[in-house]
Amino acid sequence: MKILAGNSNRPLAEAIADHLNLPLTRADVKRFSDEEIWCEIQENVRGEDVFVIQSTSFPANDNLMELLVILDALRRGSARRITAVIPYFGYARQDRKSGPRTPISAKLVANLITVAGADRVLTMDLHAGQIQGFFDIPLDNLFASPVLTSDIRNKFEGQKLVIVSPDVGGVARARSVAKRLDAELAIIDKRRPQAGVSEVMHVIGDVKDAACILVDDIVDSAGTLCNAAGALKERGASSVAAYVSHGVLSGPAVERIANSPMTEVVTTDSIRASDAVRDCTKIRQLPIAPLMAEAIRRISEEKSVSVLFD
């Protein structure tokens with residue numbers, strides 16, 4: 001087994017390699033002066049089981065193209081099996097036609113990864129479960145909930161907890177976390193007048209005097225979370241925090257979180273933190289290297305991955 005890292009989240013790749021007691025495979029991935037991506041694998045990979053760790057986060061297009069170039073290089077180097085390990089799968093929010101003459105970009109990206117040479121994909125908390133069906137190769141979708149719930153349990157032990165879904169689409173995810181924690185469930189009823197803008201309409205459930213935990217898979221501009229936090233405080237919540245799988249945190253997200261009524265936003269390190277994120281005292285990252293490393297080990301040894309979440 002060999003572990004190879006792209007440039008999107010090198011610290012995570014190094015942590016995963018440490019957990020597996022393996023060195024990262026030497027590879028030179030760089031750009032020409034016109035930003036064209038070039039790759040050379042500097043070790044023999046013929047007949048090897050290779051795992052490529054690369055989140056397709058910002059800059060999404062560069063990191064996606066880098067992944068494709070690495071996959072092609074490994075395929076032409078005669079690797080026995082190539083697994084694309086994508087902790088954060090970009091373009092996942094474009095999983096259906098949202099209007100006339102719009103693309104299903106998640107399916108396009110799935111096709112690109114397959115054609116580039118991946119034999120299977122390992123990812124975490126896909127935005128939409130049906131994306132698994134976009135691939136004609138095996139895909140393992142890990143869940144961040146064990147990592148998140150463990151931290152919630154340690155931090156909020158003894159308090160009246162209410163797990164809150166920030167929209168109707170995330171109810172199943174929030175219910176799963178609430179069940180693990182034996183907590184109550186509440187739902188934010190929102191409408192989205194345009195892309196990237198949300199308005200809270202109703203809060204379904206009793207949140208008065210409760211420590212409310214917003215649970216979501218992606219925080220991007222943080223508008224939804226901040227609006228939801230304000231609505232929960234207005235309805236008597238004693239405190240509001242958010243636990244999110246992927247911290248995209250683009251545009252004004254960090255500033256919004258810093259000025260919001262939320263005590264904390266906790267994400268995993270599936271996406272490398274920017275300087276602004278690291279400097280914000282209200283944002284904290286949880287490590288997923290142990291989870292990813294164990295899944296990689298199990299795939300390599302042809303063992304069950306689903307038992308990690310039983």
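Reader: What joins the side chains of Asp151 and Tyr243?

Author: A polar contact of 2.7 Å. The cut-off for such a pair of N or O atoms is 3.5 Å, and 2.7 Å falls within it. Bear in mind that this is a predicted model.

Reader: Where is Asp151 found, and which residues does Asp151 touch?

Author: Asp151 sits in helix H4, residues 145-155. Leaving aside residues up to four places away in sequence, Asp151 touches Tyr243, Arg284 and Leu286.

Reader: Why is Asp151 called buried?

Author: Its relative accessible area is 16%. Buried means under 20%, so Asp151 qualifies.

Reader: How many aromatic pairs does a search of the whole structure find?

Author: Two.

Reader: What makes the pair of Phe89 and Phe135 edge-to-face?

Author: The ring centres are 5.9 Å apart, and the planes stand at 70°. Centres must lie within 6.5 Å to pair, and planes over 60 degrees apart count as edge-to-face, so both tests are met.

Reader: Which parts does that pair tie together?

Author: Phe89 is in the loop between strand S5 and helix H3. Phe135 is in the loop between strands S6 and S7. These parts are 46 residues apart in sequence. Both Phe89 and Phe135 are buried.

Reader: How do you know that Phe143 and Phe309 are edge-to-face?

Author: Their planes are 85° apart, and the cut-off is over 60. The distance is 5.3 Å centre to centre. Phe143 lies in the loop between S7 and H4, and Phe309 in the segment after helix H9, so the pair ties together parts 166 residues apart in sequence.

Reader: Why is Phe143 called partly exposed?

Author: Phe143 has 38% relative accessibility. That lies between 20% and 50%, so partly exposed is the label. Phe309, at 16%, counts as buried.

Terms used. Residues are numbered from 1 along each chain as its sequence is written. This is a predicted model: local features need pLDDT of at least 70, side-chain atom pairs count only at pLDDT 80 or more; totals for chains, interfaces and linings use all residues. Side-chain values use heavy atoms; hydrogens and water are left out. Helices (H or I, at least four residues) and strands (E, at least two) are DSSP runs, numbered from the N terminus. Buried means under 20% relative accessible area, exposed over 50%, partly exposed in between (1.4 Å probe, protein chains only). A polar contact is a pair of N or O atoms within 3.5 Å; within protein, one must be able to donate a hydrogen and the other to accept it, and residues adjacent in sequence count only if both atoms are side-chain atoms. Contact means heavy atoms within 4.5 Å. Rings of Phe, Tyr and Trp (its six-membered ring) pair if their centres lie within 6.5 Å; planes under 30 degrees apart count as stacked, over 60 as edge-to-face and the rest as tilted.
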